Amino acid sequence: VRKDADSSEQVLMDMRWGLIPSWFKKDDPSKMQFNTSNCRSDTMLKKSSYKGALLKGKRCVVLADGFYEWQQQSGGEQPYFIYFPQTKDAVAEGKEGDEEWRGWRLLTMAGIFDCWEPPAGGEMLYTYTIITVDASKDVSFIHHRQVRAGRGVCRATGGMPAILDGDEAIRKWLDFAEVPTQEAVKLIQPTENIVFHPVSTFVNSVRNNTPECLAPIELGAKKEVKTTPSNKVMLGWLKNSQEGSPQKKENDLPRWTSQFIHSPSPKKTSANILQQWLGKEGEPAAKKHKA
């Protein structure tokens, strides 16, 4: 990495879910014999798959509309959608040409990434894992640990993604030079600032990709979904998303089919900084202080 590189610069890019360590020697990443879609917070500094990347400051934030969890019941599994509380501003549209996202408040999950190069040479493969923590008290009745693939971004069974709540937490997690590893891992804690509601088992099929996957449902006459400001916003947002032309509807809906939000490629200068940094061995150099 360049010694004058600003470690606070944030680069937005696509990565594949399921971390492939840089030291993996086989010619095909699909030959990995264990699942690296998520890593437990209490062992991430012990397992070789994650420790090396984490100590080198390869920390990332994964964006999502929310995640799903399936609660085991006598009649089968009941899916729940879990997400950040929303405000009335969530449905406001930004001005044309405005690059700032002004819609739905996206969930920001802590992750670790690595960059794997095929032994025979070829294009670098960027991959990531989502860090998981014990479930917060509000959702602990649903699950017990670990994140699995599912609708939205992830399916949590037994814990929940480590959620970074607010700009300051995100800044500290990403600033690998100013915030060392041992300080950054203190940010990995369960959060209570989430809401959830039951959704239709329609979401159980990966072929289904409509607003019905997010819409609140009632669980029988005695278990009605409570109307909260947050899911009122969701219902209004889903309604607005279905209005207008088919083209408009497609553009307005959240892209929960991707495992993270797809955005335009980062500027070339940002990518170059990241590429140079990825080739650096050992702990990243401290950020240059500007006058």
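Q: Helices (H or I, at least four residues) and strands (E, at least two) are DSSP runs, numbered from the N terminus; in which strand is Arg 40 found?
A: This is a predicted model, in which local features need pLDDT of at least 70, side-chain atom pairs count only at pLDDT 80 or more, and totals for chains, interfaces and linings use all residues. Residues are numbered from 1 along each chain as its sequence is written, and side-chain values use heavy atoms, with hydrogens and water left out. Arg 40 belongs to the strand that covers residues 38-40, namely β2.

Q: What is the relative accessible area of Arg 40?
A: A residue is buried under 20% relative accessible area, exposed over 50% and partly exposed in between (1.4 Å probe, protein chains only). Arg 40 counts as partly exposed because its relative accessible area is 35%.

Q: With which residue does Arg 40 form a salt bridge?
A: A salt bridge is a side-chain nitrogen of Lys or Arg within 4 Å of a carboxyl oxygen of Asp or Glu. For Arg 40, the closest N and O atoms of the pair are 3.2 Å apart. The partner is partly exposed, at 40% relative accessibility, and is Asp 42.

Q: How far apart are the C-alpha atoms of Arg 40 and Pro 161?
A: Along the chain, Arg 40 and Pro 161 are 121 residues apart. In space, the separation of their C-alpha atoms is 9.3 Å.

Q: How many residues of strand β6 are buried?
A: Strand β6 comprises residues 107-116 and is mostly covered. On one side, Leu 107, Met 109, Gly 111, Phe 113 and Cys 115 are buried. On the other side, Thr 108, Ala 110, Ile 112, Asp 114 and Trp 116 are buried too. The number of buried residues in β6 is ten of ten.

Q: Which residue of β7 stands opposite Gly 111?
A: Two strands pair if DSSP finds at least two bridges between them. Strand β3 (residues 59-64) pairs with β6 in the antiparallel sense over six bridges, and there Gly 111 is the bridge partner of Cys 60. Strand β7 (residues 125-133) also pairs with β6 in the antiparallel sense over six bridges. In β7, the residue opposite Gly 111 is Ile 130.

Q: Which residue meets Asp 114 in a salt bridge?
A: The whole structure holds seven salt bridges, and in the one that involves Asp 114 the distance from N to O is 3.0 Å. This pair links distant parts of the chain, 56 residues apart: Asp 114 lies in strand β6, and its partner lies in the loop between α1 (48-55) and β3. Both members of the pair are buried. The partner of Asp 114 is Lys 58.

Q: Which residue of helix α2 meets Glu 168 in a salt bridge?
A: The N-to-O distance in this salt bridge is 2.9 Å. The two residues are three places apart in α2 (residues 167-174), so about one helical turn separates them. Glu 168 is partly exposed at 43%, and its partner is partly exposed at 34%. Shared partners join these two residues and Asp 175 into one network of salt bridges, and the partner of Glu 168 is Arg 171.

Q: What arc do the buried residues of α2 cover around the axis?
A: In α2, the buried residues include Ala 169, Ile 170, Trp 173 and Leu 174. They lie on the same side of α2 because the arc that they cover is narrow enough to place them there; the arc is that of the directions from the helix axis to the C-beta atoms. These residues pack against α1, β3, β6, β7 and α3 (181-184), where contact means heavy atoms within 4.5 Å. The arc is only 125°.
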